[in-house]
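Here are my notes on the model you sent over, as numbered points. Have the coordinates open while you read, and start from the helix geometry.

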Amino acid sequence: MIGTEKSIRDRVLSWDRGKIFFIQDFIDLGSQGSTRIALCNLVSDKMIYRLARGIYCFPEILNGKIVLPSDESIAYALAFKEKVRIIPYGDIAAYRLGLSGMRISSNTYLSDGAPRNIKLYNGHKIIFNHTSEVKMFGFLNETMMLVSNSIRYLGQEKLGKHQMNILRGHMRKVPDTEFSADIEIPPVWVQDILLELWNN
C-alpha cells in the first residue's frame, strides 16, 4: 500500500496544478482497491481534492488559497476522458448568454455518448443527455450554438422583447460566413427566430 501511494503521489506531483484526473489514470500502479485507499489518503492530506466519485484534482493555489475547477471544466474533462462530445444545453446555455440570472446547480449538456448524471462535491450536478442529432455538434460558432440551444430550451412563447434584445446583441458578434454555415443546423422554427435576430 505504501508503494502504491508513493507512486500515485509522485505522479500527481509531476502534473501541473489544476489538472483534473480519474482513478483510471493509475491503473498501472496497483489494484483498484489499493488505488482507492491511496487516493483517499491523499484527499485526507489535502494534497488532492475529490470532485465526484472517481474524479479528483490537483488544485491550483492562488494567493495562498485553494482554487478548485469550475463545473464546466469538470464536465469537459469527463467528456475528453470518455471520448464523447458535449455542448451546453438548457439553463446552462441560457445562463451563459445572460438570459437567466439564476445560479446554475444542474449543468446540462447534450452528448453523443451514454447518458450520465454525476453529483459533484459542491452539491451541483453534471448531466449528459444523449442525443442522436449528431448535427448539433457541427456548429462552427459557439455563440450560434448557445443562442440556438437557448431558444430551443426556452421555447418561442418565453422569448419576450428583453430576451430577444439580449440574443440580438450576441448575434452581432457572429461572422457572416459562420452564420451562413450554422443556420442550417437547428430546427426550422429556431432558424426563423435566428434569421429574425440576424436581420433586425
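1. A definition to begin with: the expected span of a helix is 1.5 Å times one less than its number of residues. Helices (H or I, at least four residues) and strands (E, at least two) are DSSP runs, numbered from the N terminus. H5 has 13 residues, so at 1.5 Å a residue it should span 18 Å, and its end C-alpha atoms are indeed 18 Å apart.

2. Ground rules, before you lean on any of this. The model is predicted, so local features need pLDDT of at least 70 and side-chain atom pairs count only at pLDDT 80 or more, while totals for chains, interfaces and linings use all residues. Residues are numbered from 1 along each chain as its sequence is written, and side-chain values use heavy atoms, with hydrogens and water left out.

3. The overall picture: eight helices and nine strands, with a C-alpha trace spanning about 65 × 35 × 30 Å along the principal axes. Of the 200 residues, 44% count as buried, meaning under 20% relative accessible area (exposed is over 50%, partly exposed in between; 1.4 Å probe, protein chains only). Taking contact as heavy atoms within 4.5 Å, residues 24 or more positions apart account for 57% of the contacts with a separation of 6 or more.

4. Back to H5 (142-154). Which of its residues are buried? The list is Met 144, Met 145, Leu 146, Val 147, Ser 148, Asn 149, Ser 150, Ile 151 and Leu 154. Their cover includes S6, H4, H6, H7 (176-182) and H8. After the helix comes Gly 155, with a positive phi near 85°.

5. The start of H5 deserves a look too. Asn 141 sits in the loop between S9 and H5, and a side-chain oxygen of Asn 141 comes within 2.9 Å of the backbone nitrogen of Thr 143. That fits the polar contact rule: N or O atoms within 3.5 Å, one able to donate a hydrogen and the other to accept it within protein, with residues adjacent in sequence counting only if both atoms are side-chain atoms. At a relative accessible area of 10%, Asn 141 is buried. Beyond its neighbours within four places in sequence, Asn 141 is in contact with Val 174, Pro 175, Glu 178 and Asp 182.

6. Now the packing. A nonpolar core here is a set of buried Ala, Val, Leu, Ile, Met, Phe, Trp, Tyr and Cys residues joined through side-chain atoms within 4.5 Å. In the largest one, with 28 residues, the members touching the most others are Val 147, Ile 151, Leu 167, Leu 194 and Leu 197. H4 (91-96), H5, H6 (161-171) and H8 (188-199) are the elements that give two or more residues to this core, and H5 gives the most, with six. Setting aside neighbours within four places, Leu 197 is in contact with Val 147, Ile 151, Met 164, Leu 167, Arg 168 and Met 171. A second, separate core has 19 residues, among them Leu 51, Ala 79, Ile 92 and Phe 128.

7. On to the strands, where two pair if DSSP finds at least two bridges between them. S7 (106-111) is mostly covered, with five of its six residues buried. On one side of the bookkeeping, S6 (86-88) pairs antiparallel with S7 over three bridges, and Ile 87 has Leu 110 as its bridge partner. S9 (125-130) pairs with S7 in the parallel sense over six bridges, with Asn 107 opposite Ile 126.

8. S3 (55-58) is covered on both faces: Ile 55 and Cys 57 on one side, Tyr 56 and Phe 58 on the other, all buried. Four bridges join S3 to S1 (19-22), antiparallel, and Phe 21 stands opposite Tyr 56. S2 (49-52) also pairs antiparallel with S3, over three bridges, and there Tyr 56 is the partner of Arg 50. S2 and S3 form a hairpin with two residues between them, and Gly 54 in the turn has a positive phi of about 80°.

9. Last, the cysteines. With a disulfide defined as two cysteine sulfur atoms within 2.5 Å, the count is zero. Why is Cys 40 not bonded to Cys 57? Because the sulfur of Cys 57, the closest cysteine sulfur to that of Cys 40, is 15 Å away, too far for a bond. Cys 40 is partly exposed, at 45% relative accessibility, whereas Cys 57 is buried at 0%.
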